[in-house]
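Grab a coffee and work through these exercises with the model open beside you. Each task comes with a step-by-step solution.

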Amino acid sequence: MQQVNRTHLDQLENQSIFLFREAYRAFKNIAMPWSMGKDSNVLIWLSLKAFFGRVPFPVLHIDTTYEFPEMLEFRDWAAKHYKLNLIVKINQEARDRGVGYETHDPVTVTHELKTVALQQVLAEYKWDGLITGIRRDEDPTRAKERYFSPRNAQFEWDYKDQPPEFWGQFAANPGKGEHVRVQPLLDWTEVDIWRYIQREQIPIPQMYFSRNGKRFRSLGCSPITKPITSDADDIDKIIAELETTKTSERAGRAQDHHERNAMQKLRAKGFL
């Protein structure tokens with residue numbers, strides 16, 4: 001069984017490294033959003049493997065100002081440890097208008113403090129490619145993505161008209177003001193991510209592990225991200241738990257469930 005799992009992980013790793021290198025070759029100006037969560041830390045690790053021990057493009061953190069303190073501590077540590085060119089973006093204009101969870105619904109706050117912040121920083125740096133850590137198994141909307149997924153000049157995603165990707169041919173020629181999102185983890189599952197973290201011994205925030213019978217399965221803004229009941233205090237226990245659970249990974253993320261098709265609406269507008 002271990003050999004089968006290792007071969008499967010090697011296949012995923014090789015494909016992801018290929019996609020990293022294709023993106024680096026195809027786009028003149030790229031960046032990689034980084035949430036400090038488990039998936040984005042796997043992206044950092046894969047980038048180090050793809051580019052011989054370095055991350056050769058900026059790493060972007062969209063800071064909503066509602067981050068868990070432990071996540072910010074991990075960000076500061078990892079930025080130094082990996083020698084990252086870290087860009088932190090806050091939509092200060094929205095915060096000055098009073099946009100926040102205390103006064104607005106989660107979908108509005110997510111759009112203003114994440115999507116609009118991303119639009120602002122894209123306009124500033126004019127990136128034509130973004131390497132993101134989404135996976136198909138996270139959410140039905142994300143299952144509609146491609147490895148190279150175009151966004152128009154208004155940052156919108158036409159999920160009803162996705163480009164074909166035959167024989168490794170990718171949409172890599174965005175028009176003026178447009179960009180392409182590259183998804184190296186698209187074929188990975190949540191269990192794959194955990195097995196790879198275990199195999200490679202990738203540093204991650206300790207909030208994923210059980211403390212006093214609770215752990216976080218997915219990390220987001222602190223007011224709308226809830227832990228699950230769990231005694232899984234190591235990766236073996238987390239994997240065992242995931243192999244039997246029927247609860248979705250993002251069940252604890254309030255913005256996903258605020259209204260019908262909330263995630264699809266957010267992603268159509270440019271949400272990561």
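**Warm-up: the whole chain**

The protein exposes about 12900 Å² (Shrake-Rupley method, 1.4 Å probe), and carbon and sulfur atoms supply 50% of that area. This is a predicted model, where local features need pLDDT of at least 70, side-chain atom pairs count only at pLDDT 80 or more, and totals for chains, interfaces and linings use all residues. Residues are numbered from 1 along each chain as its sequence is written, and side-chain values use heavy atoms, leaving out hydrogens and water.

**Exercise 1.** Work out where Ser-230 sits and what surrounds it.

*Solution.*
- Step 1: find the loop between strand E8 (228-229) and helix H7 (235-242); Ser-230 is in it. Helices (H or I, at least four residues) and strands (E, at least two) are DSSP runs, numbered from the N terminus.
- Step 2: check burial. Ser-230 has a relative accessible area of 3%, so it counts as buried (under 20%, 1.4 Å probe, protein chains only).
- Step 3: list the contacts (heavy atoms within 4.5 Å). Skipping residues up to four places away in sequence, Ser-230 touches Ser-210, Gly-213, Lys-214, Arg-215 and Glu-241.
- Step 4: look at the side chain. A polar atom there lies 3.0 Å from the backbone nitrogen of Ala-232.

**Exercise 2.** Find which residues Ile-44 contacts, leaving aside neighbours within four places in sequence.

*Solution.*
- Step 1: start at Ile-44 and pick out Met-32 and Trp-34 among its contacts.
- Step 2: add Val-55, Val-59, Tyr-82 and Leu-84, which Ile-44 also touches.

Definitions and conventions:
Buried < 20%, exposed > 50% of the residue type's maximum accessible area, 1.4 Å probe, protein only. Polar contact = N/O pair within 3.5 Å; in protein donor to acceptor, adjacent residues only side chain to side chain.
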